[in-house]
Amino acid sequence: MTLKDAGVTGGDLKVLQSAIRMPSGMILMCGPTGSGKTSTLYAMLGAIDFSLKNVISIEDPIEHVIPSISQMEVNPKAGITFASLLRNALRQNPDIICLGEIRDEETAQVAAHAAQTGHLIIATVHSNDNLGTIDRLVNLGVPLRSVAATLQLIVSQRLVRKLCPCCKKPVELSPKLHEYFQEQKLSEKNVCGPVGCRECDGTGYSGRTALFDLMVMDNELRSTLEAEGATLSSIKVQIEKEHGSTVLAYEGYKLASEGITSIDEVERVTLNLEKK
């Protein structure tokens with residue numbers, strides 16, 4: 001799967017392609033279980049030039065074999081953990097280390113240290129959004145200053161089902177959504193809903209695609225994290241100021257305006273995020 005196959009397009013595609021060429025830092029994929037983080041992670045690995053980069057991945061378990069990189073599998077019963085494999089991987093001086101998940105304090109702290117010493121860390125974290133990812137790192141013992149120094153990009157992701165092209169039908173928007181679509185300059189002509197037919201086994205949906213919210217760590221956001229007495233509230237204010245708070249919802253409604261998915265599906269995965 002390529003990044004385009006995963007649903008990354010336009011400016012987001014350029015941001016991700018630039019991010020994986022960085023010499024060091026951390027790129028974190030976040031989202032709940034089943035949101036497609038691992039698939040996007042493999043798509044990012046597939047965009048790397050292996051002739052120029054030494055890549056090591058640590059996974060639990062290895063879901064796809066990639067011949068051009070060194071893949072290691074976690075085995076907690078044998079004492080082989082993410083942290084122990086990460087320490088061993090650093091001795092091989094890799095350019096890029098892919099972590100299946102940052103789930104404990106030791107792994108988080110070793111990964112942050114590696115990102116500060118010339119390695120690019122690509123990993124997944126179980127959190128709901130960009131702010132939740134920063135909070136998760138802090139809870140795992142990574143100081144805010146280290147987060148500011150190492151974090152380069154956070155990618156929040158959700159999966160939505162695509163409408164079956166054989167049976168989808170046009171639907172009308174509620175007055176509130178009609179107003180929102182006008183404010184965001186989204187077309188309502190192609191908004192459709194599910195019906196159900198033989199092709200989609202009566203579900204009204206066929207296949208899935210992803211919604212992305214990319215947050216690049218810029219100088220202003222770094223300054224907010226490094227400020228004395230920085231709190232999650234102050235960080236949230238800065239994130240919403242720069243990136244907005246409803247990016248995933250907007251991306252979903254954008255797909256709905258193109259007839260790719262339904263309004264109900266968007267609201268299901270974005271938890272009815274408040275519309276501005």
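This passage describes the sheet, the helix packing, the main pocket and two backbone features of a predicted model.

The sheet is open and has seven strands. Their order is β3-β2-β4-β5-β1-β6-β9, and the pairing is mixed. The edge positions belong to β3 (residues 70-73) and β9. Each of these has a single partner strand, so one side of each is left without a neighbour in the sheet. From one strand to the next, the twist averages 20°. Strands of a sheet pair through backbone hydrogen bonds, in either a parallel or an antiparallel manner. Strands β4 (residues 96-99) and β5 (residues 120-125) run parallel. Four bridges join them. Within this pair, L99 has A123 of β5 as its bridge partner.

Helix α4 (residues 105-116) packs on the sheet. Its contacts are with β1 (25-30), β4 and β5. The direction of α4 makes about 135° with that of β1.

A helix pair is formed by α8 (residues 219-226) and α9 (residues 232-243). Two packed helices are described by the angle between their axes and the distance between the axes. The axes of α8 and α9 come within 9 Å and cross at roughly 175°. Angles over 145 degrees count as roughly antiparallel, so α8 is roughly antiparallel to α9. On the α8 side, the contact is made by E220, L221, T224 and L225. On the α9 side, S234, I235, Q238, I239, E242 and H243 take part. By class, this contact has four nonpolar, four polar and two charged residues.

The largest pocket has a volume of about 520 Å³. Its lining is made up of 31 residues. Nearest the pocket centre lie G36, K37, T38, S39 and E63. Three elements give two or more residues to the lining: α2 (37-46), β6 (151-163) and β9 (205-216). The largest share, seven residues, comes from α2. Strand β9 thus appears in two settings, as a sheet edge and as a contributor to the pocket lining. By class, the lining has 11 nonpolar, 12 polar and eight charged residues.

Two backbone features fall in loops. Most residues other than glycine have a negative phi, and most peptide bonds are trans. The peptide bond from D60 to P61 is cis, with omega near -5°. P61 sits in the loop between β2 (55-59) and β3. The second feature is at N93, where phi is near 50°. This value is positive, in a residue other than glycine. N93 is placed in the loop between α3 (82-90) and β4.

Key:
Residues numbered from 1 in each chain as written. Predicted model: local features only at pLDDT ≥ 70, side-chain atom pairs only at ≥ 80, totals over all residues. Heavy atoms only, no water. 1 Å grid on protein atoms, 1.4 Å probe; cavity = no way out; pocket = protein on both sides within 12 Å on 5 of 7 lines; lining within 4 Å. Points joined across faces, edges and corners; volume = space filled by probe spheres on them. Nonpolar A, V, L, I, M, F, W, Y, C, P; charged D, E, K, R; others polar. Pairing = 2+ DSSP bridges. Axes fitted to C-alpha atoms, helices over the stretch in contact; angles between N-to-C directions. Contact = heavy atoms within 4.5 Å. Parallel < 35°, antiparallel > 145°, perpendicular 65-115°, else oblique.
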